[in-house]
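Student: Could we go through this structure together, taking one question at a time and reasoning from the atoms to each answer?

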There are 2 protein chains.
Amino acid sequence: MPYGLTRLHGVTEAQGSYNRHATPQAAGGALARPLLEKAARDLALDAGDRPIVIADYGSSQGRNSLTPIRAAIAALRTRLGPHRPICVVHVDVAENDFSTLFDVLERAPDSYLAEDPDVFPSAVGRSFYRSVLPPRHVDLGWSSYAAVWLSRIPAMVRDHFWPPASTGEARAAFERQGALDWNAFLALRARELRFGGRLVVVLPGLPEEEPSAAASGSHFLMDHANALLSEMVADGSITAEERARMLLPSYPRRRSELLAPFEPDGCFDSLAVEHCEEFPVPDSGWTDYQRNGDGAALAARYAGFYRATFLPTLASGLAPERGAEGRQAFIGRVTEGLKQRLIRQPAPLQLTAQVMVLAKQGPA
Amino acid sequence: MPYGLTRLHGVTEAQGSYNRHATPQAAGGALARPLLEKAARDLALDAGDRPIVIADYGSSQGRNSLTPIRAAIAALRTRLGPHRPICVVHVDVAENDFSTLFDVLERAPDSYLAEDPDVFPSAVGRSFYRSVLPPRHVDLGWSSYAAVWLSRIPAMVRDHFWPPASTGEARAAFERQGALDWNAFLALRARELRFGGRLVVVLPGLPEEEPSAAASGSHFLMDHANALLSEMVADGSITAEERARMLLPSYPRRRSELLAPFEPDGCFDSLAVEHCEEFPVPDSGWTDYQRNGDGAALAARYAGFYRATFLPTLASGLAPERGAEGRQAFIGRVTEGLKQRLIRQPAPLQLTAQVMVLAKQGPA
């Protein structure tokens with residue numbers, strides 16, 4: 001394996017780049033908010049004064065967690081009253097930019113801390129493919145656009161870097177890894193949830209039918225980036241070896257794959273499916289473009305999203321001696337190339353988001 | 001005030017510099033270990049399965065927390081048995097290098113995680129001069145070489161940058177701030193401790209008698225650094241304005257100042273003094289030097305300690321346009337100057353450490 005575990009689940013640039021550009025992920029998260037609020041209203045609560053625990057699995061730099069966690073806290077407060085402590089634990093890999101996360105929590109005007117002195121944030125710097133919190137510790141789990149990142153790379157992708165573009169043996173290996181990681185994620189979270197607790201998971205969707213996959217979602221952005229990488233190998237700005245090391249360990253799952261562990265009775269381990277729904281993600285970039293025809297603005301938005309979400313991970317395939325500067329130059333060049341291509345061929349992203357609500361069964 | 005709150009309590013370099021060079025602090029922490037273990041044996045424990053909470057107030061990059069926290073966990077395990085979850089919460093300011101902290105916890109062979117899968121680390125990125133954990137949440141608090149950093153700078157120091165070198169009005173302002181911050185630290189921790197919990201605090205000592213202060217402890221290092229800064233202003237490598245902004249918001253307290261809030265009956269708020277002791281800190285650098293006469297090695301050790309502990313904070317007085325490179329150059333130049341001066345005038349550090357053990361009173 002050319003990658004160590006800690007490099008996986010998506011590398012992000014420091015200084016809040018992910019925070020500023022992960023807008024489709026924010027829109028996807030927003031679709032899940034009513035279900036998250038319902039989960040906060042439905043979960044089992046005991047009397048007493050122990051802190052209520054919300055876990056945010058895969059927080060990145062925190063920006064996209066503010067609104068959903070604030071909504072969850074508001075829903076819990078209608079049940080708890082004002083003073084019961086609520087602990088919010090943000091989980092991400094050790095190399096995540098936790099300083100930006102804590103700074104955002106303190107300073108963002110829409111932070112969930114702004115109105116509630118009895119909320120206590122913390123962070124765990126460890127992969128969520130391991131046990132990260134004590135058993136029966138979590139009242140409400142939230143995981144948005146995170147469990148799409150695999151724990152390991154089971155195969156390389158021929159002539160591409162994105163697992164859904166793979167075929168044959170490689171595709172089968174990714175399907176197996178995707179199933180293993182999803183099962184592991186669910187089993188670990190089942191252990192960490194309290195009885196009667198809820199876990200709400202948001203993921204980018206992949207259509208059930210293979211033929212439509214290539215034409216939809218982020219696939220066309222992936223293909224543009226892939227073509228740019230070939231150009232860069234051809235003109236010598238990256239080596240074939242570097243190109244060969246580039247892979248996004250991201251595995252969007254079909255609805256049937258998400259539900260597979262819960263067959264046949266809707267239960268897996270102690271978790272029961274309460275809700276599973278697929279939504280089209282609103283795309284204000286495309287709406288604006290249809291209104292104002294500003295193709296450059298559309299291209300800049302899509303390229304900014306792509307840069308923040310995927311390019312740091314691709315850049316980690318570069319030779320280490322290129323350093324931070326070389327990685328920045330690479331990221332800048334691909335971003336610029338994407339913009340040019342998107343200006344020539346504007347097309348809507350048409351992303352979908354899957355939302356699952358799981359309830360932990362057991363003695364009240 | 002030229003400094004914002006988040007710049008205070010000691011800036012550290014990233015990539016683990018503090019971890020490698022804060023050896024006097026480690027030696028001071030080691031002196032407190034038997035008292036920490038005793039606190040772990042004495043604190044009140046309930047039956048049941050709620051996690052036991054250890055809070056590490058002022059963890060920096062984590063290196064110096066490993067051994068004491070491991071010792072505390074071992075002492076707790078003799079009472080708890082193997083499976084009761086123990087949560088360890090490392091508290092430091094938001095800009096602390098939490099990635100190094102989490103990496104050290106996972107990888108260091110002497111990490112407290114190495115032998116115990118039922119220990120769960122987390123971090124809080126917020127000044128400990130604020131509320132950082134829920135009320136009655138902490139069983140055992142530990143704070144080593146952290147509460148010496150002030151929450152704000154109440155005055156500038158004439159012709160120096162270190163509060164103990166100040167006189168007159170400025171000195172009085174630092175004494176007031178030192179008292180305010182110590183009271184605030186204690187009141188906040190009292191609220192966070194469970195009834196029957198313990199808080200162990202380690203601090204660098206300052207002698208009761210003023211005349212001896214100048215000749216002891218880190219004072220001679222501070223004076224060397226101060227002379228170097230004057231040289232750098234004279235030769236134009238830093239501006240007088242930059243020099244004027246440099247101040248270490250560090251306030252070592254006399255034993256009488258530490259005990260003042262507990263007058264007259266040994267209690268402050270719900271905290272009672274169980275133990276208060278001053279120890280000379282073993283100095284293996286000086287011992288080695290007495291044996292082998294290697295003045296260069298001694299100078300490198302002391303300068304390395306000084307660099308990691310104090311220079312990033314002084315460097316934050318530089319003009320922002322100097323950037324990271326300018327700060328590194330400054331830190332390198334002062335470190336080198338210190339080495340040269342220490343080679344010419346070898347002298348022992350003669351540090352002392354104060355250790356306090358506080359117990360939270362209240363219903364069992």
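**Backbone, pairing and symmetry**

Tutor: Asp269(A) is placed in the loop between strand 6 and strand 7 (271-280) of chain A. Please keep in mind throughout that this is a predicted model.

Student: What phi does Asp269(A) have, although it is not a glycine?

Tutor: Most residues other than glycine have a negative phi, and most peptide bonds are trans. Asp269(A), which counts as exposed at 57% relative accessibility, is not a glycine and yet has a positive phi, of about 55°.

Student: Where does Asp159(B) lie, and is Asp159(B) buried or exposed?

Tutor: Asp159(B) is not a glycine either, but has a positive phi of about 60°. Its place is the loop between strand 4 (138-144) and helix 6 (168-192) of chain B. Because exposed means over 50% relative accessible area, the 65% of Asp159(B) makes this residue exposed.

Student: Which residue does a cis peptide bond join to Glu263(A)?

Tutor: The partner sits in the loop between helix 10 (255-259) and strand 6 (267-268) of chain A. In chain B, the peptide bond from Glu263(B) to Pro264(B) is cis, with omega near -5°, and Pro264(B) is in the loop between helix 10 (255-259) and strand 6 (267-268) of that chain. In chain A, omega is about -5° for the cis bond, and the residue joined to Glu263(A) is Pro264(A).

Student: Turning to charged pairs, how many salt bridges does a search of the whole structure find over all chains?

Tutor: Side chains of opposite charge can pair when their charged atoms come close. One of these pairs is Asp103(A) with Arg107(A), at 2.5 Å from N to O. Over all chains, the search of the whole structure gives a total of 44 salt bridges.

Student: Why are Asp103(A) and Arg107(A) separated by about one helical turn?

Tutor: Asp103(A) is partly exposed, with a relative accessible area of 32%, whereas Arg107(A) counts as exposed at 56%. Both belong to helix 5 of chain A, and the separation is about one helical turn because the two are four residues apart.

Student: How many residues apart are Arg77(A) and Asp116(A)?

Tutor: The side chains of Arg77(A) and Asp116(A) meet in a salt bridge, with 2.7 Å from N to O. This pair links distant parts of the chain, since Arg77(A) is in helix 4 (residues 63-80) and Asp116(A) in the loop between helix 5 and strand 3, and the two are 39 residues apart. As for their setting, both Arg77(A) and Asp116(A) are buried.

Student: Which residue forms a salt bridge with Arg194(B)?

Tutor: Arg194(B) lies in strand 5 (residues 193-204) of chain B and its partner in the loop between helix 3 (33-42) and strand 1 (52-57), so the pair ties together parts that are 148 residues apart in sequence. Arg194(B) counts as partly exposed at 23% relative accessibility, and the partner is partly exposed too, with 33%. The distance is 3.7 Å from N to O, and the partner is Asp46(B).

Student: How many salt bridges are counted between chain A and chain B?

Tutor: The contact involves 30 residues of chain A and 30 residues of chain B, and the two chains bury about 2100 Å² between them, 54% of it on carbon and sulfur atoms. Among the salt bridges across this interface is that of Arg136(B) with Asp49(A), at 3.4 Å from N to O. There are also 11 residue pairs in polar contact between the chains, while the salt bridges between chain A and chain B number six.

Student: How do the residues on the side of chain A that touches chain B divide into nonpolar, polar and charged?

Tutor: Helix 5 (98-107) and strand 3 (119-125) of chain A each supply at least two residues of that side. The division is 15 nonpolar, seven polar and eight charged.

Student: Which C-alpha of chain A is nearest the axis?

Tutor: Chain A is superposed on chain B by a rotation of 180° with 0.0 Å of shift along its axis, at an RMSD of 0.0 Å, and that is the relation of a two-fold axis. The copies meet through the same surface, because 100% of the interface residues of chain A are also interface residues in chain B. In chain A, the C-alpha nearest the axis is 2.6 Å from it and belongs to Ala123(A).

Definitions and conventions. Residues are numbered from 1 along each chain as its sequence is written. Chains are lettered from A and ligands numbered from 1 in the order in which they are written. This is a predicted model: local features need pLDDT of at least 70, side-chain atom pairs count only at pLDDT 80 or more; totals for chains, interfaces and linings use all residues. Side-chain values use heavy atoms; hydrogens and water are left out. Contact means heavy atoms within 4.5 Å. Buried area is the accessible area (1.4 Å probe) that two parts lose on being put together, summed over both. A salt bridge is a side-chain nitrogen of Lys or Arg within 4 Å of a carboxyl oxygen of Asp or Glu. A polar contact is a pair of N or O atoms within 3.5 Å; within protein, one must be able to donate a hydrogen and the other to accept it, and residues adjacent in sequence count only if both atoms are side-chain atoms. Ala, Val, Leu, Ile, Met, Phe, Trp, Tyr, Cys and Pro count as nonpolar, Asp, Glu, Lys and Arg as charged, and the others, Gly among them, as polar. Buried means under 20% relative accessible area, exposed over 50%, partly exposed in between (1.4 Å probe, protein chains only). Copies are superposed by least squares on the C-alpha atoms of residues with pLDDT of at least 70 in both.
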